[in-house]
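Visitor: I would like to learn how to read a model of this kind. Could we take it one feature at a time?

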Amino acid sequence: MNNRIKEAFAHGKAFIPFITCGDPSLEVTEQIIIEMEKAGADLIELGIPFSDPTAEGPVIQAANIRALSGGVTTDKVFEMVKRVRKVVKVPLVFMTYANVVFSYGTERFAANASEAGMDGIILPDVPYEEKEEFAPTFRKHGMDMISLIAPTSHERIAMIAKEAEGFVYCVSSLGVTGVRKEITTDIGEMTSLVKANKDIPCAVGFGISTPEQASQMARNADGVIVGSAIVKICGTYGSDSPAHVAEYVRKMKDALR
Amino acid sequence: MSKGRFGVHGGQYIPETLMNAIIELEEAYNHYKDDPEFNRELTDLLNNYAGRPSRLYYASHMTEKLGGAKIYLKREDLNHTGAHKINNVIGQILLAKKMGKTRVIAETGAGQHGVATATVAALMGMECEIYMGEEDTKRQALNVYRMRLLGAKVHAVTTGTATLKDAVSEAMREWTNRIEDTHYVLGSVMGPHPFPTIVRDFQAVISKEIKEQILKAEGRLPDAVIACVGGGSNAIGAFYNFIEDKDVRLIGCEAAGRGIDTADTAATISTGRLGIFHGMKSYFCQDEYGQIAPVYSISAGLDYPGVGPEHAYLYDTGRAEYVAITDDEAVDAFEFLSRTEGIIPAIESAHAVAYAMKLAPTMDKDKIIVVNVSGRGDKDCAAIARYRGEDIHE
């Protein structure tokens, strides 16, 4: 297991923000990462934009398009990570799609990501059945490939948990990413099934935006992941977003203390 | 490697949320595909509702004009709803019904698959929602109306290039949102396993019939079978029962758009490379970083940046050949078949006709070509008129 990721869950409930790299620019992304660490983020998910993000709702889809239109590429994201890694200690995990990795060359991608200072990767379109194509390569380079479980996973949870690395990403709701008023899934049941099979942290994501939701979710999990709500702030404030994102992260982290 | 592979292609690259639904579908399909009662119902619907078997027509005028191989046309355009799409839709909705689903969703490009899905949903009393790129809802306004008339709800997809690939993405997103009562009727031999296999099996009736019909008419197998390829369902249907007959050339016609040396193309095998998208590993039009390319073709049904995994495999092994046909060539063929045989083909199918026009003159008169006319061209008339500079409205 990657040590930095382990550390992220060693100090109470973890707050895990997500941002899309290059929205509105990689310079601003770099500042946001620095500010989020200061504001108490325990682990940061960095989205490498993809043209057709099939697991995303409208907010993150739009951020992907904005970033790609601005000329962001995988290599430019690696350069940005390399720069920011010199000043932050927070664990960094990529979240992108299988083709971004496969097309770059999985071995070359893992080597460059690891060298830049990344700690893990989440590929929402790579389920348990296809994981062996990617996970061993990332493992070799000291990166954890994070497994997801969904409200529909049921009897699959045991099998997924046994081979999970880093932490388990518990998808709170059906559907794609995006803010939700209500989360009805029994998160406690999901996380206890995971933990019955492996001693590994569980973080809940999809649909969470308010401090109240975060603290409620954290009752049955080790961490809370927030994407769309933060990406929305980036979309609204553009290059002024670092301060606004920091304020939001502080508020969310406080709710988890 | 995971299930559902054709060589390196295929697989199940989908969100965890969908995995149990896909597994359930595979189990149900494996159970029903050999179930006599299921097959009796399927055959009954194909024959008495869709109008199968479709005719294999000897195109004597076309043959004479081109002056080479004898040309037969497989008339999938004569099926109910005007295309081969109904073969797969009847199979999948019958299966969905057996699985206890009450709602179907589907993507559509030209609108043929959407119309077929809306039709069979109406027949079988299923709720139906269709996802169609906004650009395509404009190109194929008549089909949008047909779907609504049939009781389906049509969603215009505005994301990305607002064409077929975006409609597939949106239908997949909707499926993750509502799985319990919903079956996703994927319209081509693409997506995650088991879809490429299920759709192929339901379309294989095309080559099964061609084989019987040509043996009856000519006493021998054809020298070449030609079909257009977007995702590739009519082509795999026309090829499948000939794969073991190594002397039969199998030729898939991709949409070159304005040319394979331009950015305005949808010819995946000619211009794409190996990738992972929409649940499958196969060839895709993409940039050096794996971003999916905004493809183009005059044909909304071939306007897709990928190709089904079994086609990718048939290409790798050399069993099938894939050629690229431009908009210009397809439109010429659209007009040629209309005038010589009185058959207006879908602009998709016109890509296959166009290649037959190139190939037939190079072959001896005792050779035989079968062209799969996958659909009828009524839906395309306004667009072709516009292409020729005539502004007509439906």
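Visitor: Which residues is A:Cys234 in contact with, leaving aside its neighbours within four places in sequence?

Guide: Start from the atoms around one residue and set its sequence neighbours aside. In this predicted model, A:Cys234 is in contact with A:Ile19, A:Asp23, A:Ile32, A:Ser241 and A:Val245.

Visitor: Where in chain A is the place of A:Cys234?

Guide: A residue is placed by the element that holds it. A:Cys234 belongs to helix 11 of chain A, which covers residues 228–237.

Visitor: Is A:Cys234 buried or exposed?

Guide: Read the relative accessible area against a cut-off. A:Cys234 has 3%, and buried means under 20%, so A:Cys234 counts as buried.

Visitor: What separates the C-alpha atoms of A:Cys234 and A:Thr184?

Guide: Sequence separation and distance in space are read as two numbers. These two residues are 50 residues apart along the chain, and their C-alpha atoms are separated by 28 Å.

Visitor: Now the other residue, A:Thr54. Where does A:Thr54 lie in chain A?

Guide: A:Thr54 is in a loop, with strand 2 (44–47) on one side and helix 3 (58–69) on the other.

Visitor: Which residues does A:Thr54 touch, not counting those up to four places away in sequence?

Guide: Look at the chain letter of each partner. From chain A the partners are A:Tyr97 and A:Val176, and from chain B they are B:Ser169, B:Arg173 and B:His278.

Visitor: Why does A:Thr54 count as buried?

Guide: The same reading applies. Its relative accessibility is 12%, and the cut-off for buried is under 20%, with the protein chains as cover.

Visitor: How many residues of chain A are in contact with chain B?

Guide: Count on each side. The contact involves 39 residues of chain A and 35 residues of chain B.

Visitor: How is the size of an interface often given?

Guide: It is often stated as the accessible area lost when the parts come together. Here chain A and chain B bury about 2900 Å² between them, and 50% of that is on carbon and sulfur atoms. On the side of chain A, A:Asp52, A:Thr54 and A:Glu130 supply 19% of the area buried against chain B, more than any other three residues.

Visitor: Now the chains as wholes. How many helices and strands are there in chain A?

Guide: Chain A has 12 helices and nine strands. Its radius of gyration is 16 Å, close to the 18 Å that the globule rule gives for 257 residues, so chain A is as compact as a globular protein of that length. Its C-alpha atoms fill a box of roughly 45 × 40 × 30 Å along the principal axes.

Visitor: What does chain B have in helices and strands?

Guide: Chain B has 16 helices and 14 strands. A compact globule of 394 residues would have a radius of gyration near 21 Å, and the 19 Å of chain B agrees. The box for its C-alpha atoms is roughly 55 × 45 × 45 Å.

Visitor: What percentage of the residues in chain A is buried?

Guide: Buried residues make up 65% of chain A. In chain B, 65% of the 394 residues count as buried.

Visitor: What share of the contacts in chain A with a separation of 6 or more joins residues 24 or more positions apart?

Guide: That share shows how far along the sequence the contacts reach. In chain A it is 74%; in chain B, 73% of contacts between residues at least 6 apart join residues at least 24 apart.

Visitor: How far apart are the centres of the positive and negative side chains of chain A?

Guide: Chain A has 27 positive and 33 negative side chains, with centres 4 Å apart. For chain B, the mean positions of 42 positive and 54 negative charges are 3 Å apart.

Methods: Residues numbered from 1 in each chain as written. Chains lettered and ligands numbered in written order. Predicted model: local features only at pLDDT ≥ 70, side-chain atom pairs only at ≥ 80, totals over all residues. Heavy atoms only, no water. Helix = DSSP H or I, 4+ residues; strand = E, 2+ residues; numbered from the N terminus. Rg over C-alpha atoms; globule rule 2.2 N^0.38 Å. Buried < 20%, exposed > 50% of the residue type's maximum accessible area, 1.4 Å probe, protein only. Contact = heavy atoms within 4.5 Å. Lys, Arg positive; Asp, Glu negative; His and termini not counted. Charge placed at Lys NZ, Arg CZ, Asp CG, Glu CD. Buried area = accessible area lost by both parts, 1.4 Å probe.
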